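Me: Hello! Could you walk me through this model, one question at a time?

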Amino acid sequence: MTVTTLPNPGFGTYRLEGDTLRNSLGTALEAGYRHIDTAQIYGNEAEVGEVLADSGIDRGEIFLTTKVWYDRFVPGDLEKSVDESLERLKTDYVDLLLIHWPSPNDEVAMEDYLPALKRVKASGKARHIGVSNFTRAQLDRAVSILGRGELLTNQIEVHPFLQNRAVIEKCQEHDIAVTAFMPLAVGKVMEDATLKQIAEAHDASPAQIALAWLKAQDIVTFPSSTKARNIRSNLAAFDLTLSDEEMQAIAALDRGERIADPDFAPHWD
Ligand SMILES: NC(=O)c1ccc[n+]([C@@H]2O[C@H](COP(=O)([O-])OP(=O)(O)OC[C@H]3O[C@@H](n4cnc5c(N)ncnc54)[C@H](OP(=O)(O)O)[C@@H]3O)[C@@H](O)[C@H]2O)c1
């Protein structure tokens with residue numbers, strides 16, 4: 001499986017609900033985004049389903065991802081939670097179904113929930129399966145349970161201030177695509193002096209430079225925005241090419257600054 005299976009970029013929908021979600025996702029679809037990232041826990045699957053249904057865009061043109069929350073991992077219940085997601089999303093399959101976070105303290109064993117995820121794929125309700133927020137050790141364990149080639153992606157936090165190189169190398173070792181969440185460090189990239197300087201040279205914004213830096217590493221991502229101007233300029237960022245010197249300057253910005261770090265997170269690498 002290659003990274004090209006996942007359209008780059010996608011549109012992230014975390015924190016977007018109600019009319020904000022409807023307007024932002026509507027603008028994103030009009031602008032040309034075709035890869036949409038949602039999750040059971042975001043509480044917006046029904047609205048995502050509505051916008052997609054109303055858009056008139058063929059289902060086959062959309063790459064839709066949702067994620068199973070960790071309180072639905074028990075086999076049997078996991079499958080039921082996917083049926084509920086599909087009903088909210090008004091579709092009979094998702095393109096990608098992810099385990100949102102590894103089970104806190106292994107409350108449900110990976111040996112139980114990963115085969116359940118695979119059964120959803122076998123049923124046709126998910127075209128691809130993957131994981132999110134998995135560490136190197138968890139990726140090794142997952143691949144030993146499911147075998148190589150089953151997991152399409154590991155969706156992890158990656159931006160200039162948390163470059164997550166060890167996990168990325170582990171993904172590459174297992175031929176698992178890397179998907180980056182919070183690519184703009186939730187807006188913080190706009191404040192960085194190095195990114196601002198590179199942005200000026202390209203007549204671009206620091207956000208666009210952060211996205212171009214991910215694209216140059218073949219990392220799929222899905223920035224989120226509520227503003228039409230940002231939604232469009234984030235898409236346009238994928239036409240930018242950075243020089244080797246610029247890539248190196250951004251590589252030097254890594255400071256291990258993790259934003260998504262809830263109390264149920266695994267022991268990070
Ligand atoms: N798997 C996981 O555990 C996990 C965790 C977190 C997120 N995610 C996924 O990743 C997606 C992206 O992460 P995120 O939404 O948390 O953070 P993000 O995409 O890094 O940042 C979004 C923020 O950046 C601002 N922004 C967007 N484009 C901009 C631009 N061109 N110029 C200036 N500011 C800009 C937005 O504000 P405006 O609205 O004002 O534009 C918003 O506040 C989520 O929506 C979700 O789908 C997954």
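Me: Which element gives the largest share of the shell around the ligand?
Reply: Happy to help, and please keep in mind that this is a predicted model, in which local features need pLDDT of at least 70 and side-chain atom pairs count only at pLDDT 80 or more, while totals for chains, interfaces and linings use all residues. Residues are numbered from 1 along each chain as its sequence is written. Helices (H or I, at least four residues) and strands (E, at least two) are DSSP runs, numbered from the N terminus. The largest share of the shell, three residues, comes from α9.

Me: Which residues come nearest to the ligand?
Reply: A residue is near the ligand if its C-beta atom, placed from the backbone, lies within 6 Å of it. By class, the shell has twelve nonpolar (Ala, Val, Leu, Ile, Met, Phe, Trp, Tyr, Cys and Pro), two charged (Asp, Glu, Lys and Arg) and 14 polar residues (the others, Gly among them). Of the 28 residues around the ligand, those that come nearest are Gly12, Tyr14, Phe181, Ser224 and Ser225.

Me: At what angle do the axes of α1 and α9 cross?
Reply: Two packed helices are described by the angle between their axes and the distance between the axes. In α1, Ser24, Thr27, Ala28 and Ala31 meet Ala228, Ile231, Arg232 and Leu235 of α9, where a contact puts C-beta atoms, placed from the backbone, within 7 Å. The axes, which are lines fitted to C-alpha atoms over the stretch in contact, with angles from 0 to 180 degrees between N-to-C directions, come within 10 Å and cross at roughly 35°.

Me: Why do the buried residues of α2 line one face of the helix?
Reply: In α2 (residues 45-55), Glu45, Glu47, Val48 and Val51 are buried, with 20 or more other C-beta atoms within 10 Å of their own (12 or fewer is exposed, and in between is partly exposed). These buried residues pack against α1, β2, β3 and α3. They line one face because, seen down the axis, the directions from the axis to their C-beta atoms fall within an arc of 165°.

Me: Is Asp106 buried or exposed?
Reply: Asp106 is found in the loop between β4 and α4, and its phi is near 55°, a positive value in a residue other than glycine. With 11 C-beta neighbours inside 10 Å, Asp106 counts as exposed.

Me: What is omega for the cis peptide bond of Asn8 and Pro9?
Reply: Most peptide bonds are trans. Pro9 has its place in the segment before β1. The cis bond that joins Asn8 and Pro9 has an omega of about 5°.

Technical notes:
Contact = placed C-beta atoms within 7 Å.
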